[in-house]
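Thanks for coming, everyone. Let's get straight to the chain on the screen.

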Amino acid sequence: MSGSFAEGLGDSLAGPQFLVASRQERAAAFDRLGIPAAGILSRATILKLAEAMDVDYVIIGQYNFAGPNQLQVSAQVLDMRPLKLSGRFTETGALSDLLEIQDRLANSISRALVLTRPESSLPGGPPAPVQKKVRLDAWENYIRGLLAPNTATQIKYFLEASRLDPGLEQAALQLCKIYFQNRDHATAAP
């Protein structure tokens, strides 16, 4: 679930206003500092990672199951300059609406960031998010592929994500990268 939020919020926030650290950049920072990437991080550890990555903002949050098939998520933004923690952003909905919950949370965070730093905003305000409906089972396979321990397992999950939702471009891109790294250019090209 946490991998889904890291990717989903990152995808929703990335754009001309916000440069979002990639999963690889985050993993490299964990490695550099010798911090295990799995598990719950303390705020002190999060602050140490943010300083090492020299980022302006960090989104921290949690999720809970609020009943049968009900998900409640909350997030706060840690502004590194000046060091300040925002109020809590909260969204609730059905577990089957996970991606919509992530989009709503990202929209709330984006609006708040533009209000706190108007000098960084684009003329006309924040761009309207592109709402592309992705199948939840395809998204799950994509996230499992990102977290898979080896290339064969990654390929299996990315292929399944692409089969379930051919419009899930992230899965196709990851497959292309794997095939390209393996010098299988004929398979990577399509």
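What share of the 190 residues in the chain is buried? The answer is 36%. Keep in mind that this is a predicted model.

Overall layout next. The chain has eight helices and four strands. In sequence order, the pattern runs α-α-α-β-β-β-β-α-α-α-α-α. The radius of gyration is 17 Å, and the globule rule gives 16 Å for 190 residues, so the chain is as compact as a globular protein of that length. The C-alpha trace spans about 50 × 40 × 40 Å along its principal axes. Now contacts. Take those with a separation of 6 or more: 48% of them join residues 24 or more positions apart. As for the surface, the accessible area is about 11,400 Å². Carbon and sulfur atoms hold 57% of that.

On to the cores. In soluble globular proteins, nonpolar side chains tend to be buried together. Here, the largest nonpolar core has 17 residues. W139, Y142, F158 and L168 have the most contacts inside it. Which helices each supply at least two residues of this core? They are α5 (136–147), α6 (151–164) and α7 (169–181). The largest share, five residues, comes from α5.

Look at W139 for a moment. Leaving out residues up to four places away in sequence, W139 touches S4, E7, G8, D11, L99, Q102, V134, L168 and Q170. One of those, L168, is also among the residues with the most contacts inside the core. There is also a second, separate core, with 16 residues. Among them are F5, L9, A75 and I101.

Now helix α3, residues 43–53. Which of its residues are buried? I46, L49 and A50. They cover an arc of only 100° around the axis, which puts them on the same side of α3. The general geometry is familiar. An α-helix has 3.6 residues a turn, so residues three or four places apart point the same way.

What do the buried residues of α3 pack against? Three elements: α2 (23–33), β1 (57–67) and β2 (70–80). Turn to the other side of α3, and A44 and E51 are exposed. For these labels, buried means under 20% relative accessible area, and exposed means over 50%. One backbone detail to finish the helix: just after α3, D54 takes a positive phi of about 55°.

To recap: two separate cores, one of 17 residues and one of 16. And α3 has its buried residues on one side, with A44 and E51 exposed on the other. Over to you.

Conventions:
Residues are numbered from 1 along each chain as its sequence is written. This is a predicted model: local features need pLDDT of at least 70, side-chain atom pairs count only at pLDDT 80 or more; totals for chains, interfaces and linings use all residues. Side-chain values use heavy atoms; hydrogens and water are left out. A nonpolar core is a set of buried Ala, Val, Leu, Ile, Met, Phe, Trp, Tyr and Cys residues joined through side-chain atoms within 4.5 Å. Buried means under 20% relative accessible area, exposed over 50%, partly exposed in between (1.4 Å probe, protein chains only). Contact means heavy atoms within 4.5 Å. The arc is that of the directions from the helix axis to the C-beta atoms. The radius of gyration is taken over C-alpha atoms; the globule rule is 2.2 Å times the number of residues to the power 0.38. Accessible areas come from the Shrake-Rupley method with a 1.4 Å probe; for residues, only the protein chains shown count as cover.
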